[in-house]
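Biologist: I'm new to this one, and I'd like to know where the labels come from. Could you show it to me, and then I'll pester you about the wording?

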Amino acid sequence: MRIDKRKVALVGCGMVGMSYAYALLNQTACDELVLIDVNEKKAMGEAMDLNHGLAFAGSNMEIYAGSYEDCQNADLVVICAGVAQKPGETRLNLLKRNGEVFRSIIEPVTRSGFNGIFLVATNPVDIMTRITCQLSGFNPGRVLGSGTALDTARLRYLLGEYLQVDPKNVHAYVMGEHGDSEFVPWSQAMVATFPILDLCGREGSMRQISRSVLQEIAGQVKGAAYQIIEAKQATYYGIGMALARITRAVLGDENSVLTVSAMLRGEYGQKDVFAGVPCVINGNGVKRVLELPLLQEELEQMDASCRILKESFEGVL
């Protein structure tokens, strides 16, 4: 894969897609961005709006509205298209509605000659990523979803806020489904070099935390999307920035560890399912899935989450 070209094709110019595009522009994350939407006039308007800000940006991006044919020489096709999650609706309830949308996207993208990497954001993202992989016929390493990247960021923010440390120094993950069955493997969570569980009931230079507080934080992470949707009808800034971060890891060939939705092929005792797990991400997509030494109870949570994802996928294609 050529990483010097840095061309991104964005499919879906809704709030998530355009939050992502805006983040790309401000972070100088690519050199060329093509916007594709069923509403061609909207894509044109969005391209104009972004281009009018180029004079204030630290980049010389080429931004334009296009079609699926423009995916032919893209390094990355990012799919944000789909129907929005309604207040009170679970991500899995979106499955049947968004399955049909993806059938109309993947075929023309692959027909264009696209030979890069798919990045999926549409919910339910783990299942939509698996659908993308199956419809495209691509190697699973070249198909990934945003997974629990945003959930992990939410977790680190809340832990950092409680412990009064920079979230960048919090190392913890949300794993499994990007949805109601996701979980936090607390055995793997650290602040700097301090294991989180060792801070429970311990006095020292780091603020104390309790297991009840950890459970409360995990609940806040799981319910964050519902709370935001209730307040403002949709979530888009956070996921837009998460997608931009994943994009930089791919186009920069970074070998960064991010919790994306990737196919499991034996890791954590799971096979043929896409779920949010820590992965090494580089110019080839998912270089490898990192298999953390989870506790037995955490492995059981992973199994339960993957079982839900497998059952939900059955009969979709």
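Modeller: Here is a short round of questions and answers about the labels used for this structure.

Modeller: This is a predicted model, in which local features need pLDDT of at least 70 and side-chain atom pairs count only at pLDDT 80 or more, while totals for chains, interfaces and linings use all residues. Residues are numbered from 1 along each chain as its sequence is written, and side-chain values use heavy atoms, with hydrogens and water left out.

Biologist: Why is the pair Phe-114 and Phe-138 called stacked?

Modeller: Rings of Phe, Tyr and Trp (its six-membered ring) pair if their centres lie within 6.5 Å; planes under 30 degrees apart are stacked, over 60 edge-to-face, and the rest tilted. Here the centres are 5.8 Å apart and the planes are at 20 degrees, so Phe-114 and Phe-138 are stacked. The pair links distant parts of the chain, 24 residues apart: Phe-114 is in the loop between α3 and β5, and Phe-138 in the loop between α4 and β6. Helices (H or I, at least four residues) and strands (E, at least two) are DSSP runs, numbered from the N terminus.

Biologist: How do you know whether Phe-114 is buried or exposed?

Modeller: Buried means under 20% relative accessible area, exposed over 50%, and partly exposed in between (1.4 Å probe, protein chains only). Phe-114 has 3%, so it is buried. Phe-138 also counts as buried, because its value is 10%.

Biologist: And what makes Tyr-236 and Tyr-237 an edge-to-face pair?

Modeller: Their ring centres are 4.8 Å apart and their planes are at 75 degrees, so that label fits. Tyr-236 has a relative accessible area of 13%, so it is buried. Tyr-237 comes to 54%, so it is exposed.

Biologist: How many aromatic pairs are there by this rule?

Modeller: The count is 4. Ring pairs also link Phe-114, Phe-118 and Phe-138 into a cluster.

Biologist: What makes you say that Arg-130 lies over the face of Phe-313?

Modeller: A charge sits over a ring if NZ of Lys or CZ of Arg is within 6 Å of the ring centre and within 35 degrees of the ring normal. Arg-130 is at 3.8 Å from the ring centre of Phe-313. Likewise, the charged end of Arg-156 sits over the ring of Tyr-173, 5.2 Å from its centre.

Biologist: Why does Thr-152 count as buried?

Modeller: Its relative accessible area is 4%, so Thr-152 is buried. Thr-152 is in helix α5, and its side chain reaches the backbone nitrogen of Val-174 at 3.1 Å.

Biologist: What is the phi of Gln-233, and where does Gln-233 lie?

Modeller: Phi of Gln-233 is near 75 degrees, a positive value in a residue other than glycine. Gln-233 lies in the loop between α6 and α7. Its relative accessible area is 53%, so Gln-233 is exposed.

Biologist: Why is Asp-272 called partly exposed?

Modeller: Asp-272 has 48% relative accessibility, so it gets the in-between label. Asp-272 lies in strand β11 and has a positive phi of about 55 degrees although it is not a glycine.

Biologist: Which residues does the cis peptide bond join?

Modeller: It joins Asn-123 and Pro-124, with omega about -5 degrees. Pro-124 is in the loop between β5 and α4.

Technical notes:
A polar contact is a pair of N or O atoms within 3.5 Å; within protein, one must be able to donate a hydrogen and the other to accept it, and residues adjacent in sequence count only if both atoms are side-chain atoms.
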